[in-house]
Amino acid sequence: MASFEVRGGKALRGEITPQGAKNEALQILCAVLLTSEPVTISNIPDIRDVNKLIELLRDMGVKVGKLATDTYVFQAENVNLDYMDTSEFVAQASALRGSVMILGPMLGRYGRCQLPKPGGDKIGRRPMDTHFLGLEKLGGKLTLEGADFYRIKAEGKLRGTHMLLDEASVTGTANILMAAVLAEGTTTIYNAACEPYLQQLCRMLVRMGANIQGIGSNLLTIEGVERLGGTEHRMLPDMIEIGSFIGLAAMTGSEITIKDCQIAELGLIPDTFRKLGIQLEFRGDDIHIPAQEHYEIATYLDGSILTVSDHTWPGFTPDLLSIVLVVACQAKGTVLIHQKMFESRLFFVDKLIDMGAQVILCDPHRATVIGLDQRARLRGITMTSPDIRAGVALLIAALSAEGKSTIENVEQIDRGYQNIDLRLNALGADIRRM
């Protein structure tokens, strides 16, 4: 098990370019299963979860060609359906949360799919009911084998229908959408997710020949087509990395320019960090964060304590609440962090408290942070990364801390952040992989 040895207290300086969006990649890569023609995808992040998904697709029979460091061409001309019956498939798919995204395309194109319960971060319950309820409404029949193996099969052609999703699940919407584009007739998905990742998937499918209306809204209308063709697609920069770098700059008093951010796709992320007192300058599509000795958390107009909470898009993404919480530890003022969507994502605050932060964990969903305003530095400790986002939040805390920190289980961080140690060392950080 690898670890990071971090010597904190260094101000960073320079430019950094965010990787391609991990959450978009997991959807876009599975969409290649919808056509027998070549699909070229660029700006693919070189991270563990994405590489494992590419390996899974290759083992399923998808031809994979690497054209450049971040560019691949895929052709799902001869998918081996029997591979889903092998122990190798079960092992691969159960270790990877993103494997759930093969359900929709496989059901839509081949009429069947099977999948073990996917793995991923231990951040609380992540039920798949929305996926299966939607696919069943299109005509799929679900069979459960035990508590952790799913089979879904269509009796004949999938047929379009109207559905109201019980939650605006991004991956659930994507799976249903990818099945619906090849179904007969019209499908309407109400309470659909509308995150930029989902919008990107919709635009890619339209270029492949799909008929989708309402892109960017919570009501999608899909007219099924007989077949889809090939296309080229470039993924967005990762908004979670962008937010992480903003928080890193503030917490360490660093001057950093984040390149090629596609700011129009960031939603509330810049304004949320501004509420923490962080200065941001937009320079075209770059974000410049000047060095700040202090940053002060805003209050509401009546003077009451600010609350930062997550919500479905266009609300604030839950993947950045860990970063916001850590950054608030050295702000001036107090903030309530309300993590609504996952009940285990705040369970890393004990490490911050051990480092000297003033954080009160109110319950599994809420934490109050009383900022130190740089009056006292956090101190380095030994800790373990519990999940991808908390791992990077702890890395940011370690980079701001006095002395040496050791972060264990950094394979979790590698699942979502591409060569994060090397990229931050290029800005002046002191991170050693052990």
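In which sense, parallel or antiparallel, do E18 and strand E20 pair, and over how many bridges? Select E18 and residues 366-370, which form E20: the two strands pair in the antiparallel sense, and five bridges link them. This is a predicted model, so treat each stop below as a feature of a prediction.

**E18 and its other partner**

Stay on E18 and pick His338; its bridge partner in E20 is Arg366. Next add strand E17, residues 306-309, which runs parallel to E18 (residues 334-338) and is joined to it by four bridges. Within this pairing, Leu306 stands opposite Val335 of E18. To follow the chain from E17 to E18, show helix H10, residues 321-328; the path goes through this helix, and the β-α-β crossover is right-handed.

**The three-stranded sheet**

Select E6, E8 and E7. They make an open sheet in the order E6-E8-E7, with antiparallel pairing. Strand E6 (112-116) and strand E7 (140-144) are the edges, each pairing on one side only. From one strand to the next the twist averages 15°. E6 is joined to strand E8 (residues 149-154) by five bridges, and in E8 Tyr150 is the bridge partner of Leu115.

Now add two helices. H3, residues 87-94, lies across E6 and E8 and runs at about 65° to E6. H5, residues 129-137, lies across E7 and E8, at about 140° to E7.

**The annotated site**

Go to Lys22 and Asn23, which UniProt lists under "binding site" in an unreviewed entry. Lys22 sits in helix H1, residues 22-31, and Asn23 is in H1 as well. Is Lys22 buried or exposed? Its relative accessibility is 7%, so Lys22 counts as buried. Show what surrounds it: beyond its sequence neighbours within four places, Lys22 is in contact with residues including Asp49, Asp238, Arg389 and Arg415. On the same terms, Asn23 is in contact with Tyr197, Asp319 and Arg389.

**The nonpolar cores**

In soluble globular proteins, nonpolar side chains tend to be buried together. Here the largest nonpolar core has 80 residues, and Ile278, Leu352 and Leu424 have the most contacts inside it. Colour helix H12, residues 388-400, which gives the most to this core, with ten residues. Then centre on Ile278: not counting residues up to four places away in sequence, Ile278 touches Ile246, Ala250, Phe273, Ile289, Gln292, Tyr295 and Val327. Finish at a second, separate core of 71 residues, with Ala25, Leu53, Val62 and Met101 among them.

Notes: Residues numbered from 1 in each chain as written. Predicted model: local features only at pLDDT ≥ 70, side-chain atom pairs only at ≥ 80, totals over all residues. Heavy atoms only, no water. UniProt positions renumbered as here; feature names shortened; annotations may be inferred. Buried < 20%, exposed > 50% of the residue type's maximum accessible area, 1.4 Å probe, protein only. Contact = heavy atoms within 4.5 Å. Core = buried A, V, L, I, M, F, W, Y, C linked by side-chain atoms within 4.5 Å. Pairing = 2+ DSSP bridges. Right-handed = clockwise from strand over helix to strand, strands pointing away. Axes fitted to C-alpha atoms, helices over the stretch in contact; angles between N-to-C directions.
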